[in-house]
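Got your viewer open and a selection box ready? Let's take this one stop at a time.

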Amino acid sequence: MAKSSKSAKRAKRAHSDTAPTRREPEYNVVHVERLLEVERRRIKLPACMMEQEIVDAVKHNDIVVITGDTGCGKSTQVPQFLYENGLCTDDGIIGVTQVRRVACLALYQQVSLELNSKTLVGYQYRFNRGFNQRLCKIKFMTDGILLQEIKEDLLCTRYSVIIIDEAHERNLNCDILIGVLSRVVQVRREQFEAGVPGVQPLKLVIMSATIRAEDFLEAKIFNGKVAHLHIATEFKRNTIHFARRSVRDYVADAQDKVLKIHQRLPPGSVLVFLTGKDELYRLKRLLSPYEQRASAAPSAATQQPEEPDDDDAIFELESDSDTEDEQGRRSSNKDDSGDDNMYNDDNDSGNKEKQPGADGSDEKAEGLDAVATDAAPVANDENQDADSVQERGGESGVQIHIHGITTETGDHNMVALSENDRSTTVSDSTSSGDRPDPSKYSNAETDLKESKDEEDGANRGQVTDKDDIGDVAEDEGHLDAESSRRVITGDSDTEPEDEAEKAYHVELEVLSRNYKRLSDIKWHGSGAGAGTLRVVVMHASQTMDAQMTAFTLPSDNERVVILSTNVAETAITLPNIRYVVDCGKEKRRVDDISRGVSRFVVCDISKASAGQRSGRAGRVGSGHCYRQYTSSTYETLFDDYSPVEIANCNLESTILLLSAIGIENPYDFPFLTPPPLDNIRSALQALAALGAIETPRQLAESRHSAQNEVTANPFKIPPSYPYKTSYEVLERIRAARITQLGRYLALLPLHPRFGKMLYSVVSRGANADDLRTACCVISALSFGAANLVNPRIPGGDDNRKPIPSLRSDVELFIWICCRYSQTTGNGGSSFCSQYDINERLLREVFQQAEQLYRAVRASLGSQAQHLDADWSGPLSTPNRSAKQIIEAAIVECLVDKVAVHASRLSNDAHAAATNAYRTSALTALRRDVFLPRTYSRHKPECVVYVGLVGDEKIKMQDVLPTDAATICTLRSPMIVANSIHKALPPRYNAEHDCVEAFVNKVYAPLEFPLGIAKAALNPDHPLATRTFAQQLCLGNVFPALRQFSGALIVSEADFLAPTKAKGPLATLLLALRRSRVSSRATFLAASQQDANFLLHEFRGIIRAGHADHQAVEEAFRSIREDRVYGATQV
């Protein structure tokens, strides 16, 4: 306890430094009655032994960092400590953020059980919530939910304490929350000290296990005003077994180790870490024969009469004969032949990464595990797996049914895992014994959560959550058929006791029984070669039910083997894990933000990750971790910590959020770890291109004098003169001044790019049904076609129907959404099965679509009264006009992601491949991009796309064909006029009081000519002055001057031609230029200030004796007095 004592002293010193000027509210203790079994187990947790130190630190410090090893009780006990000690002041509540929704549910269940109350504890994540608005005191939520609440309530007035849990994961939302809340804490403290009525100080608690404490304790954003406490834990000894040599085919080696563990070692479940779903299901197939039959009975020599010591030689699995050659022969065994690349899309060798060996060598591996598979960019980083493929039926999957259980226990309501059978694909070898028994679910460990998966991305957004109701990136949750029906019919599912909540709850009585079962501290299941294997696959894209099967305890005649990605690396506490097999690899998304290219690579994990993985073993007793790499590899090749997410992610949603709450300069925001400046600049440019933030006007560096402006040829002066082009300004933008459109976009639970598509649809006159269809299509676009539709693979399901041949992904989304919504009963599941569509994600598409529809209507207010769609019926196939509206809106919002066929770019046509396209993101590198194979037979001149993936050969994802004429009509900083067309003369538009000219437009990033278009000239452009002067003198602006048009000494063409510096026409033009007059409004304003404005200059261009000076004066007087004038369209 020495370390905890030092932490307590440090916390007291931090309090004493500020005590003379601080005051604290009055805290009233709350009494809680707990069940006896719960209390007995709870008091054994290390966190409970430091309750007073934790409470004192939080009471006397506004910001507290609490560290403690996994399993010490931080997540479940600290909120209870604070509630019991009265920190819910003035009806304030304790908010606890989590990275994943499964963590919110698990902690909600656990804390509800321990507090013996469901009303005091609640949860909320995207699409679902369960808390009593009046009685809830502890609220578990995803970090995106809190970010959304901050948009509406910057000072977080509902909360008295906010706990940021699992801060060591350093995801984007966590870093943004810490940065914003560090300022909110300071403001709330100042208001409380000033005696502002109804304001209480906000307490910020940051909790983590493997945290880099210096990142928080030494961070400038806290100004040193942070206390640190460490919860000391008595470690149960885990034995680490390094490999004698690093292996290349670690999947085959993992099979060997699992079988040796099953045949030789005492009871205890096995957890195997691999990099992705392809490897998980490959190992699942290799182990499938051992699921169907029990191992041979152990001989007397191998049977262990009692538990062996941890250093017993029996735990050393490797033998001298285990060479790489033998492992290579195992890797080519008959059960796995030909399957190494079954999950790779397109068989495109250009899209594959060479995976180095675990020992750092660059030898090319022969298995799929040696390939870094490219995948589509993730629209909702937490909704999708990094791999672009989902679980398969047929060869790779059968159905597992989880039956609902209802149990009546005292005053508790009946809750269930599921009222209806639900299923998830697991394996072709799954036997009936694989069906999980809900009575075995264990939440006994205190910090049950889901860790951040390796496929978190960017993306699109990140929005993020990236439950960011401003960031679509929320993690995956299960949507059953009833929930899907509610989405389409518009029924609400926000009440705590409805069917949707029951689908996610485990009966509290079951949890109580598991407390007692795990309290005897023994290993469950069979051992030493007896019993069967039960193999469970766990990864991020599974449904909630499928993930929960990993939490079942084994029966006496089986051993559980859990195959997992790094989703089980941190935060999740799986019961009964005694043995861990660690391959030392992970699949990591690598984003080039400035170029918009993403790829997935298999790389070495960090030392911190290796420690987390080994820590999964032995939570009940001593465990063993078998590492498939050598100690020298660990010491020399592994980094100390994994990179933080903010260093390699899209920041568009984040910067829009900061701008919405008044932070216009993102470079000055107190990021815990500042992101690369290039990433900030790229986000600012993207937001400016969307119109979400202002694009300032900047004067051109080289400008003509007024005299030269009059004498020069006006058609040779750039159309943007005297300002820089919008594209030049875009490249140097530094501030994020939000526009009205940006404020609308910040309210939507979607990435700004997709959010603007909805408003663009509305602005184009879409009716209610068209908007409903657009919401579904745009929602599907945010998920991505590669995630909704599983790619066809060699040796896959032969019964899969081919999707109709379509010209774009947008038409694909329309077809899928309409067909799915038109099904009845189980027809939707049958439809998805026939075409191999991910039904879980498709349900979330509809759920998100309805949420977007309501958000758009709410933001538009009275302007959206006519947009009242009926969500109870199916989607009707949109007509041609509706499709054009949707496609035009998508093209408008992807204007910065245009790819042009290389043959249309004259300077690149000779050097490009036949089907190559060029995009602005890769202009500097002169790299080609290509259409997905599905649409490669189409050769449109231009396409817009959502993302780029790949390495050797880069492919576009989610494409929509377009053309130069369509792009030319868009208003965007990316589209500029580079010259004025002389053959078509400019004209004065009296209705809009401006001068319009025909200009040659280009797509600036690629200098791609778009054609000739009519555009309003800048009022300060010399041609605008000349054209207005021409129409003014001809009497087309003010009819009172028309009587003198025949007496002019200059022709109509002279007004637009270069003039002499001292001629009468030059004098008139110079007078207009100096007064900046080029419209009727500016002329009248100048006339009101000077009664004789332009009078003498006008007389100078009239032939002598052809007009009476008094008549000219009278005409100007009538104009000035606004008595007799009108306007006509010229």
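**First stop: a covered arginine**

Select Arg188 and you'll find a buried residue, with a relative accessible area of 4%. Keep in mind throughout that this is a predicted model. Arg188 sits in helix H7, residues 172-193. Where does the side chain of Arg188 go? It reaches the backbone oxygen of Gln200, at 2.7 Å.

Now show the neighbours within contact range. Leaving out residues up to four places away in sequence, Arg188 touches Leu155, Cys156, Thr157, Tyr159, Ser160, Val199, Gln200, Pro201 and Leu202. Pick Cys156 from that set: Arg188 and Cys156 are 32 residues apart in sequence, yet their C-alpha atoms are 9.3 Å apart in space.

**Next: strand S1 and its partners**

Go to residues 63-68, which make up strand S1; six of its six residues are buried. Which residues lie on each side of S1? Ile63, Val65 and Thr67 are on one side, Val64, Ile66 and Gly68 on the other, and all are buried, so both faces are covered.

Add strand S7 (residues 203-208), which pairs with S1 in the parallel sense over five bridges. Within that pairing, Thr67 has Ser208 as its bridge partner. Then add strand S8 (residues 227-231), also joined to S1 by five bridges and running parallel. Here Val64 is matched with Ala227.

**Then: the six-stranded sheet**

Switch to cartoon and colour the strands in the order S9-S20-S17-S10-S16-S15: these six form an open sheet with parallel pairing. Strand S9 (238-241) and strand S15 (532-538) stand at the edges with a single partner strand each, so one side of each has no neighbour in the sheet. Look along the sheet for the twist, which averages 20° from one strand to the next.

For a closer look inside the sheet, select S10 (residues 269-273) and S17 (residues 577-582); five bridges join these parallel strands. Val272 stands opposite Val581 in S17. Now bring in helix H10 (residues 277-287), which lies across S10, S15 and strand S16 (558-564). H10 runs at about 170° to S15.

**A helix to check with the ruler**

Select helix H5, residues 101-115, and put a distance between its end C-alpha atoms. How far apart are they? They are 21 Å apart, which agrees with the 21 Å that 15 residues should span at 1.5 Å a residue. H5 is mostly covered, with 15 of its 15 residues buried. Step just past the helix to Asn116, which takes a positive phi of about 60°.

**Another buried side chain**

Jump to Ser659 in helix H19 (residues 652-660). Is Ser659 buried or exposed? At 3% relative accessibility, Ser659 counts as buried. Its side chain reaches the backbone nitrogen of Ile738 at 3.3 Å. Beyond four places in sequence, Ser659 touches Ile693, Ala736, Arg737 and Ile738.

**Last stop: colour by pLDDT**

The protein's mean pLDDT is 75, and 73% of its residues reach 70 or more. Strand S6 (residues 159-164) has the highest confidence, at 94, while strand S12 (residues 371-373) has the lowest, at a mean of 30. Finish by selecting two stretches where pLDDT stays under 50. Residues 297-305 are one of them, with four contacts beyond four places in sequence in the model. Residues 1123-1130 also stay under 50, and there the model has 27 such contacts.

Notes
Residues are numbered from 1 along each chain as its sequence is written. This is a predicted model: local features need pLDDT of at least 70, side-chain atom pairs count only at pLDDT 80 or more; totals for chains, interfaces and linings use all residues. Side-chain values use heavy atoms; hydrogens and water are left out. Two strands pair if DSSP finds at least two bridges between them. Helices (H or I, at least four residues) and strands (E, at least two) are DSSP runs, numbered from the N terminus. Axes are lines fitted to C-alpha atoms, for helices over the stretch in contact, and angles run from 0 to 180 degrees between N-to-C directions. Contact means heavy atoms within 4.5 Å. Buried means under 20% relative accessible area, exposed over 50%, partly exposed in between (1.4 Å probe, protein chains only). A polar contact is a pair of N or O atoms within 3.5 Å; within protein, one must be able to donate a hydrogen and the other to accept it, and residues adjacent in sequence count only if both atoms are side-chain atoms. The expected span of a helix is 1.5 Å times one less than its number of residues. pLDDT is the predictor's confidence in each residue, from 0 to 100.
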